[in-house]
Amino acid sequence: MVGSGGSLTRSGLRGREAELEQLQALIASVARTGSGGLALIQGEPGIGKTTLLAETVSRAKAAGFSVGLGKADELHHIVPLSSLAACVLHGDQPLLSDTAFADLARNQDQRIWLVERLAEAIEDRACRAPVLIGLDDAQWADPLSRFALKQLPARLRTSPVLWMLAGRLDPAGPAEEIVAAAADALPAVTVPLGPLSGAAIRQLAADNLGEAVDERIRQVLDGAGGNPFLAVEMLAGLGDEASGDLVPSTLVLGVRGRLKSLHPGTLRFLQMGAVLGRRFGFYDAATLYGRPPAMLISALEEAMRSGLLDDDGDQLVFRHDLLRQAVYVDVPPSARKALHREAAGHLVAAGHQPIDAVPHILRGALPGDEEAVALLRRAAEDVLPVTPGLAADLMTRALELVPSARPLRFEVGEQAILCLTRAGRSREALATGDRLLACRPPLEVFGRLQAALGGTLWNLDLADELRRRTESALAVGGAAPEAGARLAALRALALSRGPDLAAAREAGETALRAATATGDREAHVLALSGLGEIAQNAGENAVAREHFAALSTIDSAFLPEEIVAHLHMDDFVSGGRLLQHAADNVGTVRQAMVLWAQGQHDLGLGRLDDAEADFATMERLEDDVQVPVQQVNARVIRSRIALLRGDREAAREHLAAARERLAVKPNPGNTAAVRFLEAVHAGADGDFGGAVDTIRQVQREGHFMRWRLLRDWVDSAIRMALRAADRELAEDLAAQAEAHAERNPAVPTARGIAAQALGLAKNDPALLEHAAATLEASPRPLVRAAAYADLGQALLAAGRKPQAVAALTRAHALFTESGAHAAAARLRADLDGAGAAGGRAVTKQRPMQGWDALTASEKKVARLIAEGHTNRSAADLLVVSPHTVNTHLTSAFRKLAVNSRVQLAHLVMAVPDADRS
């Protein structure tokens with residue numbers, strides 16, 4: 001009888017001809033079309049997933065694919081990037097070198113940045129040859145690899161990249177999540193592997209035995225249930241008894257038959273390896289065994305001769321995970337727990353990272369094990385920047401291991417609160433903090449815990465509760481100076497949402513002095529952030545810029561706030577320079593917030609198409625990391641853009657989305673923005689009474705001009721008030737605009753809008769003329785266009801037709817250049833009514849499909865990609881984010897009805913030269 005340790009080559013494909021043909025067709029499709037594809041091979045353990053995946057990889061190599069193949073591991077399923085590392089570092093031509101990947105792993109403070117860097121490396125390789133990236137045992141993929149794999153297939157859908165996953169059946173498992181995320185973006189097929197037929201199993205047995213299958217063997221094979229791996233192992237272990245509770249008893253039967261003849265030392269060595277995982281180091285197993293490695297060489301050789309282990313040159317590997325589990329199940333449960341705990345200690349002592357020991361800690365630590373708690377805390381700190389959800393899970397487990405009577409529980413709980421908040425699990429963080437506070441901690445600890453909960457409460461938009469708690473903790477006293485400074489800064493931040501901004505400013509300045517005195521960086525960041533928020537809410541743009549500039553100097557993650565502060569000052573030159581700086585330092589800045597700043601920049605400059613793409617991309621990135629910050633305001637702006645363009649359906653969809661997102665982030669600023677958008681929609685429908693009622697609802701939350709998003713839109717509010725004959729509201733709004741201008745004398749937009757608002761309220765053409773002249777110094781074309789439109793209307797009413805036509809023509813040109821087609825069309829009607837020359841000219845609307853449907857930016861991106869540029873090189877040339885390039889490219893592919901860069905190149909080449917620009 002031939003032993004089962006031999007490789008299952010083509011014999012392992014018995015009965016899988018149809019599945020292999022399906023995968024072969026996908027390989028051919030990716031190679032032919034130049035677009036991406038994804039396949040998931042699913043089935044129970046031992047059903048042949050790995051063999052089918054290996055054959056598919058072999059065929060892809062033969063077809064000229066560059067291949068990266070990896071295997072996830074059960075005991076390393078929480079180590080960040082461990083699964084994806086296997087895919088991109090292995091193969092004849094690794095996608096990344098060990099050095100490049102190590103650099104990536106060291107610097108990936110942000111998951112979004114990490115995914116883009118990986119995408120760039122894969123995209124670059126795909127420009128030279130089609131790529132296959134395969135991951136076996138995907139059910140054990142680590143969280144960070146899962147995150148990346150949920151983004152990458154869709155991100156690279158226009159490149160010839162084939163993603164191959166193999167995993168166990170699990171409707172809610174990682175592999176299914178990855179397929180679901182990519183399903184709408186590229187062809188995705190699931191290849192279920194069921195039991196082999198009796199004929200295929202008998203053929204498989206004949207292949208391995210080298211002889212005909214008699215009735216006795218046929219009866220044994222019936223117990224395999226069509227599972228090829230179990231069948232082969234049973235053939236090798238005939239004659240022993242079955243038992244076991246974690247793996248199929250038929251497998252334990254076969255493996256025990258083979259273990260039966262092993263030397264006891266070899267069996268013990270295998271058990272140590274099984275505790276360490278499917279892949280393990282020889283030295284680590286020897287250490288856990290308590291024997292010198294030299295004394296275990298004979299045990300290793302016997303284990304390899306038996307077909308249980310392979311040696312890949314770096315580590316020992318159980319030939320199949322079912323073999324490891326069959327060995328593992330024979331270790332008594334209490335012994336397993338103790339061995340796992342000992343293994344954790346040995347791994348750390350040998351220089352492994354804490355996260356490498358965590359799987360063993362989770363299996364072996366008992367309550368009161370402070371060394372295990374310390375390891376979990378170190379591991380959580382290491383992974384927090386890239387997998388905050390994992391860090392939160394580790395700290396939750398660490399807290400469970402600390403008995404309630406020990407002081408350490410408060411220290412661990414504080415770290416757990418911070419990790420849970422960072423992971424977006426703020427409700428859980430608040431519940432954890434409140435349970436700890438209910439234990440009546442010492443006053444110093446009480447202050448620390450309340451400070452830790454500050455970010456939690458702010459994220460939950462519970463500003464009043466944050467103020468109440470910080471004031472209570474400060475009044476009680478007893479906090480350390482650093483904690484006291486943080487509490488004071490958090491109180492100022494909470495007051496920024498309140499009605500008394502003067503008191504808030506005083507609290508912020510006091511907090512900043514305390515932060516400076518203690519030298520606590522976190523307190524300093526909180527104090528400057530609070531002062532910046534207070535100044536912006538008060539409409540003091542220069543002061544806000546000063547605070548946010550200081551804040552971004554301390555922490556570059558706050559660069560987007562500084563950029564937006566410059567834009568509020570009409571300083572688009574500095575804003576653009578800082579956006580370029582952010583693009584050059586993407587690993588240190590919050591990418592979604594950079595896109596928010598970019599969107600504000602493009603919107604201000606009247607680039608409606610680009611602003612729409614920026615905000616859509618920002619929302620996608622926030623969805624990816626599940627941290628919604630600006631989604632409400634982004635949808636409000638996108639709805640306004642759609643109305644300016646004349647797309648009422650899209651405008652209503654964005655309004656509905658803004659309402660949905662308001663339920664998640666119901667702070668006063670978001671509420672005011674959504675309510676005003678509702679008023680705008682009511683006005684667009686002719687319901688000016690309803691519009692005014694809604695605007696007054698905004699006013700009840702605070703003066704209209706307090707809400708920074710609405711300051712440039714006060715003219716719209718005044719027009720609606722006048723249409724509803726509510727002059728009192730119009731005059732109130734104009735007075736607010738005037739007060740805002742007085743606070744910002746160096747901002748032309750603020751001064752011009754104030755004059756425009758007053759001119760509208762008083763129906764004064766001279767004031768409107770002054771407004772238009774003042775706004776010539778503003779960099780915001782849409783604001784200038786609105787002012788000229790109001791001036792033109794007033795001049796028409798005054799019978800000054802020539803001057804009116806000039807103003808309306810100027811407004812029409814500005815709206816048209818910005819892509820505000822609906823606004824331009826309304827002015828065209830006014831010009832026609834005034835008998836202006838060129839009355840037959842019609843504002844041209846873009847079609848829905850074809851080259852002419854593309855925006856100017858989409859055409860630029862399409863041309864660059866057609867020329868062979870990657871997303872990164874195109875982004876560098878256009879001075880935008882690669883994420884924005886991806887958004888433009890997605891839109892272009894949809895409008896052009898193409899699926900790959902190859903098809904795009906052919907289409908672009910067919911476009912006449914005159915039409916390409």
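## F704 and the main core

Start with F704. In this predicted model, and setting aside neighbours within four places in sequence, F704 touches F676, I695, V698, Q699, L710, V714, A717, L733 and Q736.

F704 also belongs to the largest nonpolar core, a group of 130 residues. Along with I122, L152, W163 and F676, F704 is among the residues with the most contacts inside that core. Helix 40 is the biggest contributor here, giving nine residues. As a general rule, nonpolar side chains in soluble globular proteins tend to be buried together.

## A second core

There's another core too, separate from the one above, with 55 residues. Its members include A379, V383, L430 and L436.

## Helix 17, tucked away

Helix 17 covers residues 354-364, and nine of its eleven residues are buried, so the rest of the structure largely encloses it. Which residues of helix 17 are the buried ones? They are P354, I355, D356, A357, V358, P359, H360, I361 and G364.

As for what covers them, the list includes helix 12 (264-276), helix 16 (333-349), helix 18 (370-383) and helix 19 (388-401).

## S778, a buried loop residue

Back to helix 40 for a moment: S778 sits in the loop between helix 39 (765-774) and helix 40 (781-797). Is S778 buried or exposed? S778 counts as buried because its relative accessibility is 3%, and the cut-off for buried is under 20%.

The side chain of S778 has a polar contact with the side chain of T749 at 2.6 Å, and it also reaches the backbone nitrogen of R780 at 3.1 Å. Beyond its neighbours within four places in sequence, S778 is in contact with D570, P748, T749 and R784.

Technical notes:
Residues are numbered from 1 along each chain as its sequence is written. This is a predicted model: local features need pLDDT of at least 70, side-chain atom pairs count only at pLDDT 80 or more; totals for chains, interfaces and linings use all residues. Side-chain values use heavy atoms; hydrogens and water are left out. Helices (H or I, at least four residues) and strands (E, at least two) are DSSP runs, numbered from the N terminus. Buried means under 20% relative accessible area, exposed over 50%, partly exposed in between (1.4 Å probe, protein chains only). A polar contact is a pair of N or O atoms within 3.5 Å; within protein, one must be able to donate a hydrogen and the other to accept it, and residues adjacent in sequence count only if both atoms are side-chain atoms. Contact means heavy atoms within 4.5 Å. A nonpolar core is a set of buried Ala, Val, Leu, Ile, Met, Phe, Trp, Tyr and Cys residues joined through side-chain atoms within 4.5 Å.
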